[in-house]
Amino acid sequence: QTPVDIVTDLGDTLRLWNQADGDHLTEGDDVEKEFAFSSSADEYISRDNVGVTTGDKLTIRGVAGEDGSLSTINLRSVDSEGNPDRVRSGFEMSNASDMTVENVRFKNSDYNDGSLFDISNSDAVLHLNNVTIGDTLSSNAIRNSGLVDMSGGVVKLASGITGDGKTEVSGARVEVEDGISLTQDAIEVKSGSLIMGLGGKVNSDLTVRTGAEAKVDVNGLTSQVVNGGDLRLFSDGDLSQEVVADDGVKGTTHILGTIANKVTLDQDLDVVSGGKFTTRGEQVTGAMNNDGELLLSGSLSKVVSGAGTTRVDENLRLAQGAGMSDSQTFDLHDGQITSKDDEIVRYSLGTMKNEGEFSLDIDAANKLSDLYEVTSTSSGLVKIVDVNFIGTDTNITEDFKVQVLNTHGTDAIQLSLSDEIKSKKYAVGETSRDEKDEVKERTKYSDLYYN
């Protein structure tokens, strides 16, 4: 279909409609105007700058085709022979107007910030519903000091938003192209989703409400995030901005890239398959699920669920409540693991592999020690390097025995004592035998301490 090119004796139709005041349009106090298309194939070519928006409520109503096409407003005029000519500027919202745009694709606004929508009035509101802003010459086609509300459908941005106003997502799926940034006083995702592109920055306080979603390049966060919904972090880099709960409601932060945590994450954590997250255990206040790779140091006081691999990052303290689900691989990674806390605790540590050094508690009076339970598919070596006796009773008799490992029948994981421990005349022996075994560097998981 041939693009619609409407010019009257008075000038460009879109310009005239945008600037027309109430005396020409309606009776009463409120001025309501509508600019309507009849088909998704319609293209309006503007021959002039659109100018200052006048009216209380304005609607630009396009049509969405079944193939995803939208009615188009093209701000690049053509010459008398139909060739592309000058690029025009868009809507100057300097009045307290409320404008709704739906099912429209914009293209070819000029080079300046606010080339498509320049919202300078703090009481002005722009609603975008199923709108595409593409092919503009400006890096920020919207300059906003009021409110931009992305209210429904798919809103696609090939140009950014700048200014000191607020942008809300209230039902739309907002897709921002790679390298495009949003700079506002505040950005709030009330419902729907905000999907940023690679290299794009959110230069704003970002709030994600319960049931809503934001997907952001981890390097594109520039200030604290409030998340009560789902925050998905991709790309490789450091998480250097705190993520906090939304009025006490913890959201879930999903790790899609290779990310090192430098802050407190007052969230539930989900490391997806293919993701890699390095953190101290105490930096994550909520539940932890790992289907990728979790490099863990510091102190762990909760169970890591999921089917990924949790790897000890040099040093890890197991506090009460710590553990791994049976489907989680616990890679000792030549790390140092301690469960010394003056309490006898039973820890379920999933499928253990590789070697690590352990420090644990022993209650001599009750012949108990910290117990590490692992699955029958575990393998590797648990080396005891330090023992903390609880209380004053350290009466170690010849028949004193405590169990340290329970692997449900496998011989693939072994227990050993450090030279320092052996020098204190502790030994390892088989549970099925009463006599003392020869002290060995490596022995089966079922061996016990006794003197």
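Is E282 buried, partly exposed or exposed? In this predicted model, E282 has a relative accessible area of 39% and therefore counts as partly exposed. Its partner in a salt bridge is R280, with the closest N and O atoms 2.6 Å apart, and R280 is likewise partly exposed, at a relative accessible area of 41%.

That pair belongs to a wider set, since the structure holds 20 salt bridges. Another of them joins the side chains of K340 and D386, at 2.5 Å from N to O. K340 is placed in the loop between β35 (335-338) and β36 (346-353), whereas D386 sits in strand β40 (residues 380-389), so that this salt bridge ties together parts lying 46 residues apart in sequence. K340 is partly exposed at 27% relative accessibility, and D386 is partly exposed with a relative accessible area of 24%. Some salt bridges also share partners, and in this way K166, E168, E188, K190, R209 and D246 are joined into one network.

Within that group, R209 and D246 form a salt bridge whose closest N and O atoms are 2.7 Å apart. This pair links distant parts of the chain, 37 residues apart, with R209 in the loop between β20 (202-208) and β21 (213-217) and D246 in the loop between β25 (243-244) and β26 (252-255). The two ends are not equally covered: R209 has 29% relative accessibility and counts as partly exposed, while D246, at 10%, counts as buried because the limit for that class is under 20%.

D363, in strand β37 (residues 355-363), offers a contrasting case, being buried yet without a salt bridge. The nearest side chain of opposite charge is that of K367, 11 Å away, which is beyond the 4 Å limit for a salt bridge. Leaving aside neighbours within four places in sequence, D363 is in contact with I344 and L368.

K156 lies in strand β16 (residues 154-157) and is partly exposed, with a relative accessible area of 41%. Its C-alpha atom is separated by 4.8 Å from that of E175, although the two residues are 19 apart along the chain. E175 is also among the contacts of K156 outside its neighbours within four places, together with V131, T132 and I133.

Turning to empty space, a search of the whole structure finds 2 cavities of 30 Å³ or more. The second largest has a volume of about 30 Å³, and its lining comprises M150, L157, I161, T167, V169, V174, L182, I187 and L194. Strands β18 (166-176) and β19 (182-195) each supply at least two of these lining residues, and the lining divides into 8 nonpolar residues, 1 polar and no charged.

Definitions and conventions:
Residues are numbered from 1 along each chain as its sequence is written. This is a predicted model: local features need pLDDT of at least 70, side-chain atom pairs count only at pLDDT 80 or more; totals for chains, interfaces and linings use all residues. Side-chain values use heavy atoms; hydrogens and water are left out. On a 1 Å grid over the protein atoms alone, a cavity is a set of points where a 1.4 Å probe fits but cannot get out, and a pocket is an open set with protein on both sides within 12 Å along at least five of seven lines; lining residues have an atom within 4 Å of a point. Grid points are joined across faces, edges and corners, and a volume is the space filled by probe spheres set on the points. Helices (H or I, at least four residues) and strands (E, at least two) are DSSP runs, numbered from the N terminus. Ala, Val, Leu, Ile, Met, Phe, Trp, Tyr, Cys and Pro count as nonpolar, Asp, Glu, Lys and Arg as charged, and the others, Gly among them, as polar. Buried means under 20% relative accessible area, exposed over 50%, partly exposed in between (1.4 Å probe, protein chains only). Contact means heavy atoms within 4.5 Å. Lys and Arg count as positive and Asp and Glu as negative; His and the chain ends are not counted.
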